[in-house]
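Work through these exercises with the model open beside you. Try each task before you read its solution.

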Amino acid sequence: MDKEIAPTEVHQFIAGFAGAVVGTNWSKIKTVFQGAITIFAGAASALYLTPLVAQQLGWHGYSQMLGLSFLLGTLGLRTVQALNLFIERRVLKMGE
């Protein structure tokens, strides 16, 4: 029985949650609410992006999917923050 178990959304959310906890820059978090929103956003982005990215990479294994969820939870938040900063700078530059 070498049939691999498909990861459920709960498993992917937990892996993304753990990645978001690890990837959060805690020195910039000012309140508990801000920390909770940050971690939830990282976990949610991992949950919804994992199937898309895994399909593009051709990854279908259980451990690959969970590892990808963890990675997206860790890096997803940083990518969104960088994108927001880039857009903010462009908007400010257009206003000059």
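**Exercise 1. Find which residues form the largest nonpolar core, and which helices supply them.**

Solution. This is a predicted model.
Step 1: list the members. The largest nonpolar core has five residues: Ala46, Ala54, Met65, Leu68 and Leu72.
Step 2: assign them to elements. Helix H2 (32–57) and helix H3 (62–95) are the elements that give two or more residues to this core.
Step 3: find the main supplier. H3 gives three residues, the largest share.
Step 4: set this beside a general trend. In soluble globular proteins, nonpolar side chains tend to be buried together.

**Exercise 2. List the contacts of Leu72, leaving aside its neighbours within four places in sequence.**

Solution.
Step 1: start from a core member. Leu72 belongs to the largest nonpolar core.
Step 2: collect its partners. With those neighbours left aside, Leu72 touches Ser45, Ala46, Leu49, Thr50, Val53 and Leu77.
Step 3: compare with the core list. Ala46, one of these partners, is also a core residue.

**Exercise 3. Decide whether Thr24 is buried or exposed, and find what it contacts.**

Solution.
Step 1: locate the residue. Thr24 sits in the loop between helix H1 (9–23) and H2.
Step 2: apply the cut-off. Buried means under 20% relative accessible area. Thr24 has 8% relative accessibility, so Thr24 counts as buried.
Step 3: name the partners. Leaving aside neighbours within four places in sequence, Thr24 is in contact with Ile29, Thr38, Ile39, Leu77 and Arg78.
Step 4: link this to Exercise 2. Leu77 is a contact of Thr24, and Leu77 is a contact of Leu72 too.

**Exercise 4. Identify the residues of the nonpolar surface patch of about 440 Å², then classify Val91.**

Solution.
Step 1: name the patch residues. They are Phe86, Ile87, Val91 and Met94.
Step 2: place Val91. This residue is found in helix H3.
Step 3: classify Val91. Its relative accessibility is 48%, so Val91 counts as partly exposed.

**Exercise 5. Describe the whole chain: its elements, its burial and its confidence.**

Solution.
Step 1: count the elements. The chain has three helices and zero strands. Along the sequence, the pattern reads α-α-α.
Step 2: check burial. The chain has 96 residues, and 31% of them count as buried.
Step 3: look at the surface. The chain exposes about 7,100 Å², with 67% supplied by carbon and sulfur atoms.
Step 4: check confidence. The mean pLDDT is 83, and 90% of the residues reach 70 or more. Confidence is highest in H1, at a mean of 90, and lowest in H3, at 82.

Methods. Residues numbered from 1 in each chain as written. Predicted model: local features only at pLDDT ≥ 70, side-chain atom pairs only at ≥ 80, totals over all residues. Heavy atoms only, no water. Core = buried A, V, L, I, M, F, W, Y, C linked by side-chain atoms within 4.5 Å. Buried < 20%, exposed > 50% of the residue type's maximum accessible area, 1.4 Å probe, protein only. Helix = DSSP H or I, 4+ residues; strand = E, 2+ residues; numbered from the N terminus. Contact = heavy atoms within 4.5 Å. pLDDT = per-residue confidence, 0-100. Patch = residues over 30% accessible without salt bridge, like charges linked within 9 Å, V, L, I, M, F, W, Y side chains within 5 Å. Areas by Shrake-Rupley, 256 points an atom, 1.4 Å probe, with all protein chains shown as cover. Salt bridge = Lys/Arg side-chain N within 4 Å of Asp/Glu carboxyl O.
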